[in-house]
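Morning, everyone. I'd like to walk you through one interface and the core that goes with it. Here it is.

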Amino acid sequence: VTANVLALLLANLFVLVAGAGVLRLLGGWYRPAELPALLATSYVGGLAAVGVALQLLLVVGVPFTRWTFVLTCFALALTGVAARPAATARRFWPLPRGLALLAALLALGIVGLLAVDLWWQPLGQWDAWAQWTAKARSIVLFDGLDADVYASEPYRRWNPDYPTLLPAVEAADFLFMGEVDTRAIHFQSWLVLVAFLISLPELLLDRVRALLVWPIVLLVAVAPALHVQTASAIADVPVGVFFALAGLCAYRWLVDGDPFFLRLTALLSAGALATKVEGRIFVAALFVSLATVLLVWGERRRVLPALAAVGAAVAVAVVPWVAWTSANDVVGVFSTSVSDALGRPLLDQLQRIPEAAARLAREAVDPTSWLLAVPLAVAAAVLAWRSRVGRAGAVFAVAAAGLALIGLVFVYWTTPLDPGWHLERSARRVVVGPVLLLVALTPLLLAQALEGRGEADGAPAGRG
Amino acid sequence: VEGLPEQAGATGLAVVALGLLLGAAAWLFARRWVAAGLGRAARDPVTLLLATTLAAGVAAVPFATWRMVEDIRYTSSLDPWLADNYGVSVYEVHPALYDELRTLIPPGDTYYLRAGRTRDPTSAGAFREWALGILLPRVAVEDPADADWLVTLGVDPRSVGPRVDRVWVVHPAGQGVPAAYLGRVQA
């Protein structure tokens, strides 16, 4: 396992290099001294960029080899050359002190122990071995996507129409290992989790004080559900991380107006769209909420850039993949188009709506899964709303998470499967995205709750 | 995850109680420190919310640690071969049968899968779905007439349809799971 974990880390080093280049292009940093302030974010951005690029290469039929992966990463890294210097240099975020340091150290200890746990972890989750890793294995063995295999009846159980970011990244890991090591692959999930936890201070501490950030990082780091989902090595944590950080960046763009954050929102949204079908629901919820807040708060001119961002994400992450699956008659065992769903006797199954809503809500607020993350985030949104200056942010946070959950309820309402079985099998997993979004936005909501006291301006722009 | 205790038990409950005590202490101290750090009153809603966040995080540390240690104790004791084949083994399908199949079926050949009745229907599903990944680059086909091989669980390959020139028992019956067979379709 040791050699394979090192090989996986090497593959992900290329992802980091790619992400650093892409984030430079997007305006995140310019001078090399600025890069450490966005290292984890660069990794997550790199994962989105590399994953989407690999999906595109798979669709056009480029042979999937170690060199394909390395050259893709270098090509993405080189895009950073085209960057222009920013008006203000990014500084490394202040290291935590006092209570913030205590929270950071406890979080560090827990994710360190999780790494040891994953070191021994067998691939036991059904969907992990039956879908995600099986698809990665097929990409390695067939040097890419074999349309005949993907379109054939036996392999419909793989849900081959699901987007292929995670199988492509895992396939690259396996190519670096030289074998399909189903234990070492857990470190891919661990890297995503660690990058998420460090991205929170990276994306927040230039605006929010450390005391508002590190306790939240600790709370999410010790959440049992996140450990279970990370150890499951399936796509719910990656899609949740992309969605949550995209939401955080959208919020930063909403309140600060820095175009870097909108560009990063688009990149991370593309990552979410290329990871799971639920990513489409999440990204739609995100941009509908963003556009609504901009319209309500009289910022119509900013709606167009937001639409352009989501359009770009859909264009690279959804359109080519859907075109390939349609052209090759690739459908999954769970596939239902919206028209199929709407063609079902939906009025006869209205009782599914409260059942699904109640189940999803219960999973999200279950203290044995997420501790107090969701109630505290909702309380933070209420405080931000009461502060007036944080109203736009509060509406955005609640609307984005709420619409994401409504979208998931729609899926359970229209599912051709037994809804009870479907909920039992997936409800615990699909709430990861909305919960992580609320967690990521909590420090900003609290900051606005503090900053807005006594201020009458409710506009979203400005540093609050 | 695979070795997480199903019930907390006495040790687990003691760890939970310890966590709650630590969390309560953290809440009392953190409230003052957070108030001082933010320049707010100890009863300010933001102060209370942050202190609660920190206390909840601290309270969960002992239980999270205990769960992971228990998990490590179980998973680190697994035989490496079993760990690599863990996914299907928990559904009472013996993974050794796939080693046998990989030895007998040449890479690139096609096979047809059929599973009969098992005590737990999930076993039949696991038998089929594990094969789809682990037997690659051998490819499953929908129609047995297109297959070079017939891979069955609890079904005699000779009863599937195509003429079979040889049958292997790749794993005997046991634990409520019937025997697994491989049939070579006559060329």
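I'll take the contact between the chains first, then the nonpolar cores. Keep in mind that this is a predicted model.

So, how many residues does each chain bring to the contact? Chain B gives 54 and chain A gives 53. Between them, the two chains bury about 4,800 Å², and 74% of that is on carbon and sulfur atoms. On the chain B side, B:Leu49, B:Met68 and B:Glu129 lose the most area to chain A. Together they make up 14% of what that side buries.

Now the polar part. The rule finds two salt bridges across this interface. One of them pairs A:Arg157 with B:Glu129. Their closest N and O atoms sit 3.6 Å apart. Six residue pairs are in polar contact across the interface, with both residues at pLDDT 80 or more.

Which elements of chain B supply at least two residues each to that side? They include α1 (9-38), α2 (45-75) and α6 (121-134). The largest share is from α2(B), with 19 residues. Sort chain B's side by class, and you get 33 nonpolar, 11 polar and 10 charged residues.

On to the cores. The largest nonpolar core has 236 residues. Among the members that touch the most others are A:Phe69, A:Trp370, B:Tyr111 and B:Phe127. Helix α11 of chain A, residues 236-256, supplies the largest share of this core, 15 residues.

Look at B:Tyr111. Its contacts include A:Tyr155 from the other chain, plus B:Leu132, B:Val139 and B:Trp149. There is also a second, separate core of eight residues, including B:Tyr112 and B:Leu150.

Methods: Residues numbered from 1 in each chain as written. Chains lettered and ligands numbered in written order. Predicted model: local features only at pLDDT ≥ 70, side-chain atom pairs only at ≥ 80, totals over all residues. Heavy atoms only, no water. Contact = heavy atoms within 4.5 Å. Buried area = accessible area lost by both parts, 1.4 Å probe. Salt bridge = Lys/Arg side-chain N within 4 Å of Asp/Glu carboxyl O. Polar contact = N/O pair within 3.5 Å; in protein donor to acceptor, adjacent residues only side chain to side chain. Helix = DSSP H or I, 4+ residues; strand = E, 2+ residues; numbered from the N terminus. Nonpolar A, V, L, I, M, F, W, Y, C, P; charged D, E, K, R; others polar. Core = buried A, V, L, I, M, F, W, Y, C linked by side-chain atoms within 4.5 Å. Buried < 20%, exposed > 50% of the residue type's maximum accessible area, 1.4 Å probe, protein only. Lists of a residue's contacts leave out its neighbours within four places in sequence.
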